[in-house]
Amino acid sequence: MPDIILNGSKGGGKGGRTAAETDGDAGGGGEAPTKKKEKEDRNYVKAVCRCEPPAVIRVSPKTLERRNIMCGDCTKNFATESPSE
């Protein structure tokens, strides 16, 4: 088996820990940083395919504009949901 699976390493050199974790500095005020703020800032749009019922994904508008994201069932591209539907 590859070494990464055997020892559970997540990469990063020192057991997958960041410099802030090894130094004990959590980023000011003694509070541990959370990733919740990052999730709250996401501006995803609802995109649907043409299946019945349609498959729904949430994706950034920029990604939907730049990439062709295709449904594996109907083989049509996902698009933002039309308000008239």
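How many disulfides does the count come to in this protein? The points below take up that matter first and then move outward to the core, the sheet and the loops.

1. The model is a predicted one, and in it the count comes to zero disulfides. C49 takes part in no disulfide, the nearest cysteine sulfur being that of C51 at 3.5 Å. C71 likewise is in no disulfide, and here too the nearest cysteine sulfur belongs to C51, at 3.7 Å. Because a disulfide is counted when two cysteine sulfur atoms lie within 2.5 Å, neither the 3.5 Å separation of C49 from C51 nor the 3.7 Å separation of C71 from C51 qualifies. As for their surroundings, C49 has 6% relative accessibility and counts as buried, while C71 is buried with a relative accessible area of 4%.

2. These cysteines reappear in the largest nonpolar core, which has eight residues in all: A47, C49, C51, V59, L64, C71, C74 and F78. In soluble globular proteins, nonpolar side chains tend to be buried together. For the chain as a whole, 11% of the 85 residues count as buried, and the accessible surface comes to about 7400 Å², with 48% of that area belonging to carbon and sulfur atoms.

3. L64, one of the core residues, merits a separate look for its contacts. When neighbours within four places in sequence are left aside, L64 is in contact with V45, A47, V59, I69, F78, A79 and T80. Of these partners, V45 also has a place in the sheet, where V59 of strand 2 is its bridge partner; V59 is itself listed in the core.

4. In overall layout, the protein has four helices and three strands, and along the sequence they follow the pattern α-α-α-β-β-α-β. The strands form an open sheet with the order 2-1-3 and antiparallel pairing. Strand 2 (56–59) and strand 3 (79–80) stand at the edges with a single partner strand each, so one side of each has no neighbour in the sheet. Strand 1 (residues 45–48) is joined to strand 2 by four bridges, and the two run antiparallel. Of the contacts in the protein with a separation of 6 or more, 25% are accounted for by residues 24 or more positions apart.

5. Two backbone features deserve checking by eye, given that most residues other than glycine have a negative phi, and most peptide bonds are trans. The peptide bond joining E52 and P53 is cis, with omega about -10°, and P53 lies in the loop between strand 1 and strand 2. T75, although not a glycine, has a positive phi of about 55°. T75 belongs to the loop between helix 4 (61–66) and strand 3, and with a relative accessible area of 48% it is partly exposed.

6. Which residues does N77 touch, not counting those up to four places away in sequence? On that basis N77 touches V48, N68, I69 and M70. N77 lies in the loop between helix 4 and strand 3 and is partly exposed, with a relative accessible area of 39%. N77 and C49 are 28 residues apart in sequence, yet their C-alpha atoms are 6.3 Å apart in space, which leads back to the buried C49 of the opening point.

Notes:
Residues are numbered from 1 along each chain as its sequence is written. This is a predicted model: local features need pLDDT of at least 70, side-chain atom pairs count only at pLDDT 80 or more; totals for chains, interfaces and linings use all residues. Side-chain values use heavy atoms; hydrogens and water are left out. Buried means under 20% relative accessible area, exposed over 50%, partly exposed in between (1.4 Å probe, protein chains only). Contact means heavy atoms within 4.5 Å. Accessible areas come from the Shrake-Rupley method with a 1.4 Å probe; for residues, only the protein chains shown count as cover. A nonpolar core is a set of buried Ala, Val, Leu, Ile, Met, Phe, Trp, Tyr and Cys residues joined through side-chain atoms within 4.5 Å. Two strands pair if DSSP finds at least two bridges between them.
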